[in-house]
Structure formats: C-alpha cells, structure tokens
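Trainee: I would like a close look at one part of this protein, the sheet and the helices that pack on it. Please take me through how the pieces fit together.

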Amino acid sequence: MRRQRNRTKLSMEDIEFRTTLLRSLKNCLEAADKLNEIYKKTNETLDLILGNQLETKHTRTEITNIIQTPDSRPEERKNQVNDLKCEEAKNTQPEKQNEKRIQKCEDSVRSLWDSFKRTNIRIIGVPEDEREQDIENLFEEIMTENFPHLVKEMDLQVQEARRTPNKRNPKRTTPRHIIIKMPRAKDKERILKTARERNSVTYKGIPIRLSADFSTETLQARREWQEIFKVMNTKNLQPRLLYPAKLSFRIEGQIKSFTDKEKLKEFITTKPGLYEMLKDIL
C-alpha cells in the first residue's frame with residue numbers, strides 16, 4: 001500500500017513538472033512568433049528606407065549635373081533645381097516616418113524581451129566547475145548561505161536554471177553568468193531587494209552579484225543613467241532605476257520619473273539648483 005502511494009506521489013510530481021515544462025515551451029514559442037513578425041516588419045521598413053535613400057541619391061546627382069552643365073539656360077536650370085529640391089524634400093518625409101517605424105519595432109522587440117526576462121535573476125561571478133548540471137541546487141546553496149530567512153519564508157522554486165551561452169567571446173576567462181527563472185516576478189524582486197540591502201553576496205566565500213536580467217538595449221539604457229544617478233545620490237535626491245530603464249528621484253517633496261534624458265533636460269531648466277547640478281552631464 002505504501003509503495004502504491006509513493007508511485008502516485010511521484011506520478012503527480014511528474015505531471016506537475018511536465019505541465020510547467022509545456023507552459024514554458026508554449027511561452028517560448030509565442031515569444032518566437034512575435035519576434036518573427038516584428039523582424040519581418042522591420043525588414044520591410046528597411047527596404048523602403050533603402051529605396052528612398054537611393055532615390056535621394058539619384059536626385060542629388062541630377063542636381064549636381066544640372067549645376068555643372070554650362071549649356072543650360074540660367075532660368076531653366078534654376079527651375080529644375082527648385083523642382084528637384086522639392087522632390088527631395090518630399091522623399092525626406094517618408095524617410096523620417098520609416099525611421100520612426102524602425103524605432104517603434106526596436107522598442108517592441110526590447111519590450112518583448114524584457115517581458116520574457118521579467119522573472120529572471122542573473123548571477124554574476126560564480127566559477128565554472130563540474131557542477132554544470134546541478135545549477136538549481138547551486139542557487140539554493142547561494143540562497144541558504146546569504147539569505148537563510150528567505151529560504152524558510154519562501155517556497156523557493158526554480159522554473160529554469162542555466163549558464164548563458166558563450167557566443168560573443170569564446171576565449172573569455174571570466175565565468176559565464178547564470179540565469180535563474182523564477183515562477184513569479186515578486187519572488188525575484190524580493191530576493192534582489194534583500195541582496196541590495198545586504199550589500200555583499202557570496203558563494204563559498206567568493207564575492208558574487210545578483211541582478212535583474214534585461215535585454216542588451218535596456219542594459220545600455222540603464223547604463224546611460226549611471227553618471228546622473230551617482231550625482232543625485234551624493235545630493236540625497238534618493239534616485240532609483242525603475243523597471244526597465246526609468247530614472248526616479250525625489251525633489252521638493254515630490255517623486256519625479258523620466259524615461260529619457262531629453263525629458264529630464266527640459267525639466268531641469270525649471271529648477272535652477274538641479275540645472276547647476278546636472279548641466280555638465282546632460
């Protein structure tokens with residue numbers, strides 16, 4: 001009877017594992033379909049831009065030829081130049097629209113990747129060793145070593161654990177990062193918040209770092225805030241980098257947030273003290 005119960009328990013665990021695996025696979029396939037659709041639209045937009053650029057190039061060549069032709073009558077040449085300039089101006093407008101479409105596509109891809117990585121934790125600095133097939137338990141060891149109270153309070157589950165692929169530089173000597181996919185974003189946020197408050201995280205005494213996992217574009221956008229963040233931090237403005245790449249800070253009792261530097265630049269013109277603080281950075 002006991003053996004039968006154990007078999008039933010194992011069977012239920014197996015079903016739960018397969019269900020989670022299938023759900024993750026379904027999410028991956030849906031994300032891949034969206035990326036393919038965005039990729040196709042981006043290619044179509046690029047083809048349009050290339051066509052417009054070729055048209056503009058031909059137009060400029062024609063203008064140059066007309067100006068350099070000595071036999072053309074001045075009035076006729078002037079009219080032709082004006083017509084060609086008008087044509088070039090018309091071509092410039094669709095080009096700007098196409099640039100906006102490309103930017104929109106890039107933003108959509110970035111947003112999609114960030115959404116896909118929303119529950120991920122990136123672990124930096126763990127040496128690569130023989131435990132490559134046991135990363136889930138390695139993560140549990142890190143949590144137990146640094147946050148034993150969280151291990152007791154949380155139902156510590158991991159959907160996926162892996163090393164990042166080493167595509168960019170196969171000869172790199174630093175260990176590849178570890179990506180841990182949590183079931184819930186709130187679990188990830190709680191772990192990262194505790195790690196920030198602790199200031200130092202270790203694995204078997206070796207300093208490591210825990211951070212959120214973002215797309216390459218979002219990481220670059222977050223890095224662009226770093227210098228401003230440091231200055232504000234020294235002035236006690238309580239700056240924060242919100243998800244995915246928004247700068248937030250407190251001024252005159254209010255919390256202000258900005259998604260890009262241009263909007264922040266406009267805002268500081270109305271605040272003389274803040275302007276003096278950031279004028280050399282922005």
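Mentor: In this predicted model, helix H5 (residues 185–198) lies across S1, S4 and S5, and runs at about 135° to S5. The three strands belong to an open sheet of 5 strands with the order S2-S3-S1-S5-S4 and antiparallel pairing. Strand S2 (160–163) and strand S4 (201–203) are at the edges, each with a single partner strand, so one side of each has no neighbour in the sheet. On average, neighbouring strands here are turned by 30° against each other, direction ignored.

Strands of a sheet pair through backbone hydrogen bonds, either parallel or antiparallel. Take the pairs from the S4 edge inwards. S4 and strand S5 (residues 206–212) are joined in the antiparallel sense over 3 bridges, and Val 201 has Ile 208 in S5 as its bridge partner. S5 also pairs with S1, again in the antiparallel sense, over 4 bridges. In that pairing, the bridge partner of Ile 123 is Leu 210 in S5. S1 and S3 form another antiparallel pair over 4 bridges, where Asn 120 stands opposite Lys 181 in S3.

S1 deserves a separate word. Of its 5 residues, 5 are buried, so S1 is largely enclosed by the rest of the structure. Both of its faces are covered: Asn 120, Arg 122 and Ile 124 are buried on one side, and Ile 121 and Ile 123 are buried on the other.

The loop between S2 and S3 holds Thr 164. Thr 164 counts as buried because its relative accessibility is 13%, and the cut-off for buried is under 20%. Apart from neighbours within four places in sequence, Thr 164 is in contact with Arg 122, Arg 176, His 177 and Ile 179. One of these, Arg 122, is among the buried residues of S1.

Another helix also meets the sheet. H3 packs on it and touches strand S1 (120–124), S2, strand S3 (178–181), S4 and S5. The direction of H3 makes about 130° with that of S4. Helix H3 (residues 135–146) has 12 residues and spans 17 Å from its first C-alpha to its last, close to the 16 Å expected at 1.5 Å a residue. Its buried residues are Ile 135, Leu 138, Phe 139, Ile 142, Met 143 and Asn 146. These residues cover an arc of only 140° around the axis, which puts them on the same side of H3. The general background is that an α-helix has 3.6 residues a turn, so residues three or four places apart point the same way.

The helices and the sheet come together in the largest nonpolar core. Among its 24 residues, Ile 121, Ile 123, Phe 139, Ile 180, Ile 191 and Leu 210 touch the most other members. At least two residues of this core come from each of S1, H3, S3, H5, S4 and S5. H3 gives the most, with 5 residues. Such a grouping fits a general tendency: in soluble globular proteins, nonpolar side chains tend to be buried together.

Leu 210 shows how these elements connect. With its neighbours within four places in sequence left aside, Leu 210 is in contact with Ile 121, Arg 122, Ile 123, Phe 147, Ile 191, Leu 192, Ala 195 and Val 201. Of these contacts, Ile 123 is also its bridge partner, while Val 201 is itself bridged to Ile 208.

A second, separate core of 13 residues includes Met 232, Leu 247, Leu 274 and Leu 278. There is also another open sheet, of 3 strands in the order S6-S7-S8, with antiparallel pairing. Its edge strands are strand S6 (240–242) and strand S8 (254–258), each pairing on one side only. The twist in this sheet averages 30° from one strand to the next. Strand S7 (residues 246–251) pairs with S8 in the antiparallel sense over 5 bridges, and Phe 249 stands opposite Lys 256 in S8.

For the wider setting, the protein has 9 helices and 8 strands. Buried residues make up 29% of its 282 residues. Among contacts between residues at least 6 apart in sequence, 61% join residues at least 24 apart.

Conventions
Residues numbered from 1 in each chain as written. Predicted model: local features only at pLDDT ≥ 70, side-chain atom pairs only at ≥ 80, totals over all residues. Heavy atoms only, no water. Expected span 1.5 Å × (residues − 1). Buried < 20%, exposed > 50% of the residue type's maximum accessible area, 1.4 Å probe, protein only. Arc of directions from axis to C-beta. Pairing = 2+ DSSP bridges. Axes fitted to C-alpha atoms, helices over the stretch in contact; angles between N-to-C directions. Contact = heavy atoms within 4.5 Å. Core = buried A, V, L, I, M, F, W, Y, C linked by side-chain atoms within 4.5 Å.
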